[in-house]
Amino acid sequence: MADLCWVIFFVSFSCLFRIFDASIGDIDPLYRACIVQCEKTGCAGEICLQHCKYSLDGSLLNSQKEPLYMQLNQRDCPSDCKYHCMVQREKKRSSLGFGPVKYYGKWPLKRVFGLQEPLSVAFSALNLAKNVQGCLSFFNLNKKRSYNYAALWHIYGFLSINSCVWSVVFHSRGMEITEKLDCTSAVALLGFSLIISILRSFNVNNEAARVLASSPLFAFTITHILYLNNYQMDHGWNTKVCVTMGVAQLLIWAIWAGISQHPSKSKIWIVVFGSGVAMFLENCDFPPYAGLIDAHALWHATTIPLTCIWWSFIQDDAKYQTFDLNKKQK
């Protein structure tokens, strides 16, 4: 559920507003002229890019003709031209007393070691580490217990780790393939999170009943992923689907926590409240401070403690269910 917060708002806002649509910055005539000049001469203002030199003969028409390792490392000419022209333009705007504007749907952020959104990468990596730690702790705990939902939480852990990995990759290097992988992994996690919220809150233990309850949602999630990847990356439709699934499972967990006698239900309330804070941060969408800290990075930061709390709840639930089962047997 901690990762639920990250998935809902990444998919609903990041995929909607952070796609490469026209923004004030990238339609600026001076910015466009800088890019054209850079791709012709290899120089963006006072900065000359050595790896753009071979573009002078017109042989390089787009980034796909450059080596893949250069594209992934952001060392391709078009990407570097856009970045350095953005930096030059923002310096000029700042000298005239104007604030930063968005380029291709994103605020202008400074690259650090070639990373496009360094703090988002760092916080996603920390979230990844916490998910790995939570999975391992749960696995070691479950070896000593017979917990009915262990297999489901193991799958959830795998999907959470996978989603964090692609979040790190996407924020390191935003391109079509990394965007698709990130959105796809997020949708998969979100769909499975809804399934497990239904099965756990309604205490569905029978295997046949589990298959019956989860099959429609599983089929819909797979179909939606195939639609996005093979037919059309429709961000508007994807937003509606993901927000609906996300809000549904938040409500399910909140209602269950309200009527349940579970000793650790307070942790669910903390995660639900934390998800609201995350929504507020993402909606703020303020310009980056010092060219590094933006609302999206802070939003990623909130997922780290929420992930710890959620895995703590999962372990508490395993202990509680095992104790309750042993008590009934006695």
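**Salt bridges**

I searched for salt bridges, taking a side-chain nitrogen of Lys or Arg within 4 Å of a carboxyl oxygen of Asp or Glu as the criterion. The count came to eight. I was working on a predicted model, where local features need pLDDT of at least 70, side-chain atom pairs count only at pLDDT 80 or more, and totals for chains, interfaces and linings use all residues. Residues are numbered from 1 along each chain as its sequence is written, and side-chain values use heavy atoms, with hydrogens and water left out.

I looked up three of these pairs. For location I used helices as DSSP runs (H or I, at least four residues; strands are E, at least two), numbered from the N terminus. For burial I used relative accessible area: buried is under 20%, exposed is over 50%, and partly exposed is in between (1.4 Å probe, protein chains only).

The first pair I noted was Asp-80 with Arg-111, whose side chains meet at 2.8 Å, N to O. Asp-80 sits in helix H4 and Arg-111 in the loop between H4 and helix H5 (118-142), so this salt bridge ties together parts that are 31 residues apart in sequence. I have Asp-80 as buried because its relative accessible area is 1%.

Next I took Lys-180 and Glu-176, which form a salt bridge at 3.8 Å, N to O. Both belong to helix H7 (residues 176-201), and because they are four residues apart, about one helical turn separates them. Glu-176 has 57% relative accessibility, so I entered Glu-176 as exposed.

Then I checked Arg-200 and Asp-317, a salt bridge of 2.7 Å, N to O. This pair links distant parts of the chain, with Arg-200 in helix H7 and Asp-317 in helix H11 (residues 295-329), 117 residues apart. Is each partner buried or exposed? Arg-200 is buried, since its relative accessible area is 3%. Asp-317 is also buried, since its relative accessibility is 0%.

**Disulfides**

I searched the whole structure for disulfides, meaning pairs of cysteine sulfur atoms within 2.5 Å. There are three.

Cys-34 and Cys-85 are joined with an S to S distance of 2.1 Å. The pair links distant parts of the chain: Cys-34 is in helix H2 (residues 29-41), Cys-85 is in helix H4 (residues 77-95), and they are 51 residues apart. I read -85° about the S-S bond of Cys-34 and Cys-85, a left-handed link. Both Cys-34 and Cys-85 are buried.

Cys-38 and Cys-81 form another disulfide, with sulfur atoms 2.1 Å apart. This pair too links distant parts of the chain, Cys-38 in helix H2 and Cys-81 in helix H4, 43 residues apart. The value about the S-S bond of Cys-38 and Cys-81 is -75°, and the link is left-handed. Cys-38 counts as buried because its relative accessibility is 0%. I logged Cys-81 as buried because its relative accessibility is 0%.

Cys-43 and Cys-48 are joined at an S to S distance of 2.0 Å. Which hand does the disulfide of Cys-43 and Cys-48 have? The torsion about its S-S bond is about 100°, so this disulfide is right-handed. Cys-43 is at 18% relative accessibility and therefore counts as buried. Cys-48 is at 39% and therefore counts as partly exposed.

I also looked up the accessibility of two further cysteines. Cys-242 has a relative accessible area of 0%, so I entered Cys-242 as buried. Cys-308 is at 32% relative accessibility, so Cys-308 counts as partly exposed.

**Transmembrane annotation and a surface patch**

I consulted the UniProt record, an unreviewed entry, which lists residues 151-171, 183-202, 208-229 and 241-259 under "transmembrane region". UniProt positions are in the numbering used here, feature names are shortened, and annotations may be inferred rather than shown by experiment.

I checked two of the listed spans against the model. Residues 208-229 are 100% helix and 0% strand, with the end C-alpha atoms 31 Å apart. Residues 241-259 are likewise 100% helix and 0% strand, and their end C-alpha atoms lie 28 Å apart.

I then looked for surface patches, made of residues with over 30% relative accessible area and no salt bridge; like charges are joined within 9 Å, and nonpolar side chains (Val, Leu, Ile, Met, Phe, Trp, Tyr) within 5 Å. Accessible areas come from the Shrake-Rupley method with a 1.4 Å probe, and for residues only the protein chains shown count as cover. I found a nonpolar patch of about 410 Å², made by Val-247, Leu-251, Ile-255 and Ile-259. I placed Leu-251 in helix H9 (residues 235-259).
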